Amino acid sequence: MLALALFSAGALLAACGTASEDSGGGGGAPTENGFSPPDLPALEKLGEPEGELSVLAWPGYAEDGSTDPEIDWVTPFEKETGCKVSVKTFGTSDESVTLMKTGDYDVVSASGDASLRLIAAGDVEPVNTDLVPNYADIFEFLKDKPWNSVSGVEYGTPHGWGANVLAYRTDQVKPAPTSWSTVFDPNSPQKGKLTAYDSPIYIADAALYLMKHQPDLGIKNPYALDDKQFTAAVDLLKQQKPMVSEYWSDYLKESQALKNGDVLAGTAWQVTVNLTKGEGSPVDSVLPSEGATGWSDTWMVSAKSQHKTCAYKWMNHIVSPETNAQVAEYFGESPANEKACALTTDKTHCDLYHAGDADYASKIWYWTTPIAQCLDGRKDVKCKDYGEWTQAWTEIKG
Amino acid sequence: MTALRGASAFLHRTPRLRLGVLLSAPLLWLGLAYLGALAALFLTAFWHTDPFTGKVITDWSLDNFETLVTDSVYRTITVRTVAIAAGVTVVDALIAFPMAFYMAKIASPRARRILVIAVLTPLWASYLVKAYSWRTMLSGNGVLHWLLDPIGLDTPGYGLPATVITLSYLWLPYMILPIYAGLERLPDSLVDASGDLGARPGRTFRSVVLPLTFPAIVAGSIFTFSLSLGDYITVKIVGGTSQMLGNVVYDNIGAANNLPFAATVATVPVVIMLLYLAAVRRTGALENI
């Protein structure tokens, strides 16, 4: 209760400070080519490591040996830099945004649906990429993208990217699925034993499906939905709900459900599939014919960080060829560092995940924050913003 | 030293001040940390957030309450939550009464002590461990399926029944203990007298035992009802796709980062509990807690 009181007081203070510039609802909403982020300076030069670093990461991104003693790239970093690392993981992008607002974390692995919100709110600051030597080896097509930079100013270092795949039980789902209709078709043979991602951003998966199956709706970008398109996507998800056994945001809960056979198919991360497979369950994944939503993640530095030298050292460490290769292989995604491809245990890893394939990467619909101004360039209609996506998600779950 | 002694003598002469100083710490705690937080919560409920950056904007409006009342989904969730809480309370009362009766009236003093400890033991285990155990047991190939399959039944799977079962298990001790205490206070002579006057056991139960222990049952129900009303973890673990009021609050803090609306939703269980407490005050149950 005390924490709540302090938190409320903090929110009150924060609110008072910004009320004048943000009054009128959509104050921070983007203008023509985005929005104007708060003017924050990037770090000029590195100092002495501060001895501490608090990392906010997707599960599987900052492994310190606690999940699997063999999987550990945090301890070598601690030994090398003297920065003692504490790791906190999160299950959805929204969680990462909320946690970053506390100012308790120094670096965050932000997906595209979090990064711009963090930049706009002034929670993260520009990154001086000259201080990250390994930045030079990062694939060019990942640099200076709308989700990691604003008007040419870099806000982080690219980490890696991948697609949300369709996971399924190989012993129960036959023939192997090739389409998302396994989870959306009302006559799906797996109905009642499906799973779906518990976040408003999952509406984009339904929109992507409709993009291919109901072309007359005219969806061009699953994150830019006008009233009619949005209603269609929400209706599809409402129709899907009775077929869903449970929604997941904790990847371990999904893994357990797949293992026990309570869930036979559904959207998943490759790391979940690898983990479940590793425990001996007959589980596999496929990238369905409709394409998929996905992520392209960026390591960002908190504007309130007191450990910036350690933060920069961490960014350099995590995209170093050796570490980037380990993370990419463990999580099941494409590394950002070109040189990582030579260092993976499975030499075909980069081919498998199309690491250097800019063309393939462009076909994945990366998580992006939906805003009122349509992201697909339409000017004549208003699109649904993330607030409305969130409200709709509550309604879908009922 | 003399100053300290002087202060002590002064306090000794002014008992009212002494009382005030003694009570100030707990009163401060109650007033600031507890009621203050509730007040802050209620104030926040009237604000809203910037949809893009998620910052709280301190404009006063009733929009949040309007959404809460007009959007049918929140009514559905409120009704579902109250139904779950009521279901858990009924299930717990039905299980707890015979157990408490056996403990208070039939068991030997030695067995009584062992039983009280046995009832309390589950409280030593972590909430999450117990909820996840139920998740495993309720699974499609879990122990419930294995037990019920031979008699033609099956596990309810994840959903509302699973939520009610798990919550009933979690809060059962909070129902048993007040009823046990209530039954212990019931003099055996009254039960004997009822029998001597020719009442059958059923009649004795209805006319003597139940009316005298009813306040204790209601006291237990305050625990089971309020604990269920605010729960959001069990339903996440065994509830399948369903959600309760607590989940809406949680999602608005965690996912939507809409603190004001979360505060608005959080006022609903507070109001329900106030109504409930006002209703049970008449039964005298509050003296039984």
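The paragraphs below lead through a sheet in chain A and then through a surface patch and a loop residue in chain B of a predicted model. Local features need pLDDT of at least 70 and side-chain atom pairs count only at pLDDT 80 or more, while totals for chains, interfaces and linings use all residues. Residues are numbered from 1 along each chain as its sequence is written, chains are lettered from A in the order in which they are written, and side-chain values use heavy atoms, with hydrogens and water left out.

In chain A, five strands (DSSP runs of E, at least two residues, numbered from the N terminus) form an open sheet of mixed pairing, in the order β10-β9-β11-β8-β12. Two strands pair if DSSP finds at least two bridges between them, and the edge strands β10 (244–248) and β12 (283–286) of chain A each pair on one side only. Within this sheet, β8 (residues 165–169) of chain A runs antiparallel to β11 (residues 265–268) of chain A and is joined to that strand by four bridges; L166(A) has T267(A) as its bridge partner in β11(A).

Turning to chain B, the residue L38(B) lies in helix α2 of that chain (helices are DSSP runs of H or I, at least four residues). L38(B) counts as partly exposed because its relative accessible area is 31%, where buried means under 20%, exposed over 50% and partly exposed in between (1.4 Å probe, protein chains only). L153(B), in the loop between α7 (143–148) and α8 (160–185) of chain B, is also partly exposed, at 48% relative accessibility. From C-alpha to C-alpha, L153(B) is 56 Å from D59(B) in space, and the two are 94 residues apart in sequence.
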